[in-house]
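Student: I have a model open and would like to go through its fold. Can we start with the basics and then look at the packing?

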Amino acid sequence: MTGPEGDPRATGEEPAAGQPRRSGLRNPERAVRGLGAGTLSLEALVLLLAIQPIRVVGGDLSGTAIGAVVALAVAAVVLAGMMRRPWAWHAGTVLQGLLMLGGLLHWSLLGLGIIFALVWAYALHVRRVILG
């Protein structure tokens with residue numbers, strides 16, 4: 001017996017063996033792409049807005065470090081637009097590692113890298129749970 005939308009969980013039943021578990025979303029792939037794109041867009045915004053406070057409070061931020069931050073922000077925006085491609089999720093993971101490597105240029109970039117790596121790991125977890 002199934003519920004009105006054909007979801008066995010609507011009546012408290014578990015899905016039969018071999019049937020995929022439904023997430024309850026109309027288009028789960030689109031929702032997950034939006035999560036990834038939103039995460040990367042937020043990361044780009046934070047990186048760009050962090051340049052001046054890091055320069056003022058954090059001490060000496062070299063031109064190389066500023067260039068690296070801008071390049072990482074641009075890469076995050078480009079990847080946010082490419083979330084339909086399956087490789088974009090892997091590239092997003094690499095981006096988090098590159099941001100942490102930016103800690104070699106300035107310690108605050110390592111801090112931002114750790115924070116966004118944790119956020120990205122959560123987005124990957126949500127993707128795995130929703131898409132299976």
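Tutor: What follows goes from the overall make-up to the helix pairs and then to two single residues.

Tutor: This is a predicted model, in which local features need pLDDT of at least 70, side-chain atom pairs count only at pLDDT 80 or more, and totals for chains, interfaces and linings use all residues. Residues are numbered from 1 along each chain as its sequence is written, and side-chain values use heavy atoms, with hydrogens and water left out.

Student: How many helices and strands are there in the protein?

Tutor: The protein has four helices and zero strands; helices (H or I, at least four residues) and strands (E, at least two) are DSSP runs, numbered from the N terminus. The order from the N terminus is α-α-α-α.

Student: What share of the residues counts as buried?

Tutor: 30% of the 132 residues are buried, meaning under 20% relative accessible area with a 1.4 Å probe, protein chains only. The accessible surface is about 8300 Å², and 65% of that belongs to carbon and sulfur atoms; the areas come from the Shrake-Rupley method with a 1.4 Å probe.

Student: Now the packing. At what angle do H1 and H2 cross?

Tutor: Helix H1 (residues 28–57) and helix H2 (residues 63–81) cross at roughly 165 degrees, and their axes come within 7 Å. Axes are lines fitted to C-alpha atoms, for helices over the stretch in contact, and angles run from 0 to 180 degrees between N-to-C directions. That makes H1 roughly antiparallel to H2, the term for angles over 145 degrees.

Student: Is the crossing of H1 and H2 left-handed or right-handed?

Tutor: H1 passes H2 in a left-handed crossing, which is one where the near helix is turned anticlockwise from the far one by less than a right angle.

Student: Which residues of H1 and H2 meet?

Tutor: From H1 they include Ala37, Leu40, Leu47 and Arg55, and from H2 they include Ile66, Val69, Ala73 and Ala80. Contact here means heavy atoms within 4.5 Å. The residues of this contact divide into 15 nonpolar, one polar and one charged. Ala, Val, Leu, Ile, Met, Phe, Trp, Tyr, Cys and Pro count as nonpolar, Asp, Glu, Lys and Arg as charged, and the others, Gly among them, as polar.

Student: And H2 with H3, how do their axes cross?

Tutor: The axes of H2 and H3 cross at roughly 165 degrees and come within 10 Å. H2 is therefore roughly antiparallel to H3, and their crossing is left-handed. Among the residues in the contact are Leu72 and Ala76 of H2, with Ala91 and Leu95 of H3. By class, the contact of H2 with H3 has 10 nonpolar, one polar and no charged residues.

Student: What about H3 and H4, how far apart are the axes?

Tutor: Helix H3 (residues 87–101) and helix H4 (residues 107–131) have axes 7 Å apart and pack at an angle of about 160 degrees. H3 and H4 are therefore roughly antiparallel, and they cross in a left-handed way. Their contact includes Trp89 and Gln96 of H3, and Phe116 and Trp120 of H4. It is made up of 11 nonpolar, four polar and one charged residues.

Student: Two single residues to finish. Is Ala65 buried or exposed?

Tutor: Ala65, in helix H2, counts as buried because its relative accessibility is 0%. Its C-alpha atom is separated by 7.1 Å from that of His106, 41 residues apart along the chain.

Student: And which residues is Ala117 in contact with?

Tutor: Leaving aside neighbours within four places in sequence, Ala117 is in contact with Gln96 and Met100. Ala117 is in helix H4.

Technical notes
Parallel < 35°, antiparallel > 145°, perpendicular 65-115°, else oblique. Buried < 20%, exposed > 50% of the residue type's maximum accessible area, 1.4 Å probe, protein only.
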